[in-house]
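Thank you all for coming. I would like to walk you through one structure, going from its strands to single residues and then to the ligand.

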Amino acid sequence: MKFKFSSIRRVNYLHTLLFNFRTFPFHVARHLPVLIGYKVKISAPSRKCFSLSEDFDLHGAPIELGVRTNFSKGIPTQIRLIKKSSRLVLSNAVRVSKGSTILLHHGTLHMGKNSYCGERVLIVCHNRIDIGYNVAIAWNSQVYDSNFHFVYREKSSEIQNCTKPIKIGHNVWIGNTCTIAPGTVIPDYTTVAQNSLVNKNFASVPKGSLLAGIPAVLKKTEPFFCLLWNKNMERSLHRYFDENGQPEVFQLPENTPANPYDLES
Ligand SMILES: CC(C)(COP(=O)(O)OP(=O)(O)OC[C@H]1O[C@@H](n2cnc3c(N)ncnc32)[C@H](O)[C@@H]1OP(=O)(O)O)[C@@H](O)C(=O)NCCC(=O)NCCS
């Protein structure tokens, strides 16, 4: 049976070759560290604006920009870096799905290994956004570190900076249609429920927490409450539920050595 959420993967090899050889030195470019799909617009004032993370493995999984789609076929993907000072740093297996937009006016956006932007995700960076490894940002979510405009406060005679850095830890799952606002800190092993607005520093919440609501608050904490990263296991589970009349639960056999953070081997 076909995996029902399997995405369509289409690489535009001409764009891929041009981008890699224009951006990176020959010894790096020949490994094609970045794969680019169709209808992907990439612009930057200098090739120095793009870089691979320090731990990037040229023999490891490549970065995919606008390569995969489930439901946004034909919708352009945009990666726009405006100022020479903007930096986009990407690690192995970063995936930006079709229809997403990454806009860097200034500052640095760092996406860790195996971090993923679903379809029609918007990331706007004016200051600094750090996204850890194994982070999934589901479709229609937005992450922006600036309010874009200033607020006048007569009482204090102060004009505050309208940008504040954002930090998203490792093994974080952000559900669909969430907003991650300036100054947000989401610690490792946190889940954000769909449609939530996260706008605070949650650094002190324990591992395995669920943040939800507008504005988001801590809803629950359970040990190992997290996205199941192992895609093989996920496929088997979809098959199990489909073939058994959609039961409520699947009970893991006792002592299953299931590390939920295991990636597809
Ligand atoms: C994260 C998620 C899977 C959690 O589901 P869950 O474990 O069943 O969580 P629960 O239903 O037990 O929720 C726990 C509490 O949070 C509340 N909650 C859950 N989602 C919420 C939301 N979006 N907004 C506000 N509260 C929410 C529940 O009402 C419940 O509160 P209660 O204890 O007062 O009743 C689910 O909320 C979610 O976001 N699903 C969408 C996933 C998605 O976007 N997938 C896209 C592909 S990557």
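In this predicted model, six strands form an open sheet, and their order across it is E4-E8-E11-E14-E17-E20, with parallel pairing. Strand E4, residues 50-52, and strand E20, residues 185-186, stand at the edges, and because each has a single partner strand, one side of each is left without a neighbour in the sheet. For those who are new to this, strands of a sheet pair through backbone hydrogen bonds, and they do so either parallel or antiparallel. Within this sheet, strand E14, residues 128-131, runs parallel to strand E17, residues 166-168, and 3 bridges join them; there, Asp130 stands opposite Lys167 of E17.

Let me stay at the edge strand E20 for a moment, since Ile186 is found in it. Is Ile186 buried or exposed? Ile186 is buried, because 27 other C-beta atoms lie within 10 Å, and the cut-off for that word is 20 or more. If we leave aside the neighbours within four places in sequence, Ile186 is in contact with Ile168, Gly169, Val172, Val192, Val198 and Phe202. The C-alpha atom of Phe241, by contrast, is separated from that of Ile186 by 32 Å, with the two positions 55 residues apart along the chain.

Now please look at strand E7, residues 77-81, where you can follow the side chains one by one. In a regular strand the side chains alternate between the two faces of the sheet. Along E7, Thr77, Ile79 and Leu81 point to one face and are buried, whereas Gln78 and Arg80 point to the other face and are not buried. Strand E7 pairs in the parallel sense with strand E3, residues 40-43, over 4 bridges, and it is also joined to E10 by 4 bridges, again running parallel. Gln78 takes part in both pairings, for it is the bridge partner of Lys41, and its bridge partner in E10 is Thr101.

Just before E10 comes a loop, between strand E9, residues 95-96, and strand E10, residues 101-104, and Ser100 has its place there. Although it sits in a loop, Ser100 is buried, with 27 other C-beta atoms within 10 Å. Outside its neighbours within four places in sequence, Ser100 is in contact with Thr77, Cys117, Glu119, Arg120 and Val121, and Thr77 is one of the buried residues of E7 that I mentioned. The C-alpha atoms of Ser100 and Ile75, which are 25 residues apart along the chain, are separated by 8.6 Å.

Stepping back to the chain as a whole, we find 3 helices and 24 strands, and buried residues make up 37% of the 265 residues. A compact globule with 265 residues would have a radius of gyration near 18 Å, and the protein chain, at 19 Å, agrees with that. Among contacts between residues at least 6 apart in sequence, 42% join residues at least 24 apart.

That brings me to the ligand, which is surrounded by 15 residues, the closest being Ala138, Gly175, Asn176, Ala193 and Ala212. Strand E23, residues 209-212, and strand E24, residues 217-221, each supply at least two residues of this shell. Which classes make up the shell around the ligand? There are 5 nonpolar, 8 polar and 2 charged residues.

Finally, a word on confidence: the mean pLDDT of the protein chain is 91, and 94% of its residues reach 70 or more. Over residues 1-5, however, the pLDDT is below 50, and beyond near neighbours in sequence this stretch has 5 contacts in the model.

Key. Residues are numbered from 1 along each chain as its sequence is written. This is a predicted model: local features need pLDDT of at least 70, side-chain atom pairs count only at pLDDT 80 or more; totals for chains, interfaces and linings use all residues. A residue is near a molecule or strand if its C-beta atom, placed from the backbone, lies within 6 Å of it. Ala, Val, Leu, Ile, Met, Phe, Trp, Tyr, Cys and Pro count as nonpolar, Asp, Glu, Lys and Arg as charged, and the others, Gly among them, as polar. pLDDT is the predictor's confidence in each residue, from 0 to 100. Two residues are in contact if their C-beta atoms, placed from the backbone, lie within 7 Å. Two strands pair if DSSP finds at least two bridges between them. A residue is buried if 20 or more other C-beta atoms lie within 10 Å of its own, exposed if 12 or fewer, and partly exposed in between; C-beta atoms are placed from the backbone. The radius of gyration is taken over C-alpha atoms; the globule rule is 2.2 Å times the number of residues to the power 0.38.
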